[in-house]
Amino acid sequence: APIAFRCGEEPVCAIEVEEDELRILQHYTFPLHPRALETGVPDAGKGGDATAGGFGDGFKTAAAALLGQPACRSISWTFETAEGRTVRWDFVGAERAAVGNFRASRVLEVHVTADAAPAGAASSAGGAAYVMRQRVRVGGIGRAFLAEAAPRLQVFWSLPDAVLLGNGRQGDFLADAAAAPPIFDGSSASPSSASPPPFLHH
């Protein structure tokens, strides 16, 4: 079963894990401009405490590291729009010959392809209809994800005031974890059998 993230009843993201493949479906994600592939791209429309600051080097560094592993088969991102347009990014390793004092090396390249929307296509659908699908095929990535990444996933509870033991500023609270729903701890245990600690502090 996928690991699903929701805002209320609205699906936001889902992660599907297999032994040698990781798939991430993310809603409310419009196709990225290829400038995001440049180094350290700030987003002037974002900033402050409530938003992210743009695309840095993280996802490019991670892609390059994965492509450098012999077990890596492919990495791709596919963006789908409500109008029927599809944009695909394929992350590949490319060989560079030695030049002057620079040694031969293997670098990251991203091949971008796009399909035009059907003629006359228009959509009044909301942002949920814009999705991004990430597919990472690396030998053993499923086990590594469950062991190393899943325990770091953040869980957000929406609890009634009656069960809160303390409520601080900026959304922090202290509550009896018995009043919270079960959580998946990234182990082999099923989500229904995993429980939070006796008290949780968010």
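The centre of this predicted model is an open sheet of 7 strands, in the order 1-2-3-9-6-7-8, with antiparallel pairing. At the edges stand strand 1, residues 3–7, and strand 8, residues 105–115; each has a single partner strand, so one side of each lacks a neighbour in the sheet. From one strand to the next, the twist averages 15°.

Allow me to go through several of the pairings. Strand 3, residues 21–27, and strand 9, residues 131–138, are joined in the antiparallel sense by 7 bridges. Within strand 9, Q134 is the residue that stands opposite I24.

Strand 6, residues 72–80, pairs with strand 7, residues 86–96, through 6 bridges, and the two run antiparallel. These two strands form a hairpin with 5 residues between them. In the turn, G84 has a positive phi of about 95°. One bridge pair here consists of T78 and its partner R88 in strand 7.

Strand 7 then continues the sheet to strand 8, with 11 bridges and again an antiparallel course. E95 has R106 in strand 8 as its bridge partner.

The sheet also has a helix against it. Helix 2, residues 141–149, lies across strand 1, strand 2, strand 3 and strand 9. Relative to strand 2, which covers residues 10–18, this helix runs at about 125°.

For the wider context, the secondary structure of the protein amounts to 2 helices and 12 strands. Read from the N terminus, the order of elements is β-β-β-β-β-α-β-β-β-β-α-β-β-β.

I turn now to the interior. Which residues touch the most other members of the largest nonpolar core? They are I15, L22, I75, W77, F79, W89 and F91, out of 24 residues in that core. At least two core residues come from each of strand 2, strand 3, helix 1 (58–67), strand 6, strand 7, strand 9 and helix 2. Strand 6 supplies the largest share, 4 residues. As a general remark, nonpolar side chains tend to be buried together in soluble globular proteins.

Three residues deserve individual attention, beginning with W77. W77 belongs to strand 6. Its relative accessible area is 8%, under the 20% limit, and W77 is therefore classed as buried. Beyond four places in sequence, W77 contacts L32 and F59, then V87, R88, W89 and F91, and finally M132, R133 and Q134. The C-alpha atoms of W77 and R23 are 9.8 Å apart in space, although 54 residues separate the two in sequence.

The next residue is T78, also found in strand 6. Is T78 buried or exposed? T78 is buried, at a relative accessible area of 13%. With residues up to four places away left out, T78 touches T86, V87 and R88, together with V131, M132 and R133. As a general point, side chains in a regular strand alternate between the two faces of the sheet.

The third is F91, in strand 7. F91 counts as buried at 4% relative accessibility. Its contacts beyond four places in sequence are F59, A63 and L67, I75 and W77, and L108, E109 and V110. F91 and S76 lie 15 residues apart along the chain, and their C-alpha atoms are separated by 6.0 Å.

Some totals for the whole protein follow. Buried residues account for 25% of the 202 residues. The exposed area is about 13200 Å², of which carbon and sulfur atoms supply 54%. Of the contacts between residues at least 6 apart in sequence, 53% join residues at least 24 apart.

I close with the confidence of the prediction. What is the mean pLDDT of the protein? The mean is 77, and 70% of the residues reach 70 or more. Over residues 185–202, pLDDT stays under 50. For this stretch the model has 38 contacts beyond four places in sequence. Predicted coordinates should not be read in detail where pLDDT is low.

Note on methods: Residues numbered from 1 in each chain as written. Predicted model: local features only at pLDDT ≥ 70, side-chain atom pairs only at ≥ 80, totals over all residues. Heavy atoms only, no water. pLDDT = per-residue confidence, 0-100. Contact = heavy atoms within 4.5 Å. Pairing = 2+ DSSP bridges. Axes fitted to C-alpha atoms, helices over the stretch in contact; angles between N-to-C directions. Buried < 20%, exposed > 50% of the residue type's maximum accessible area, 1.4 Å probe, protein only. Areas by Shrake-Rupley, 256 points an atom, 1.4 Å probe, with all protein chains shown as cover. Core = buried A, V, L, I, M, F, W, Y, C linked by side-chain atoms within 4.5 Å.
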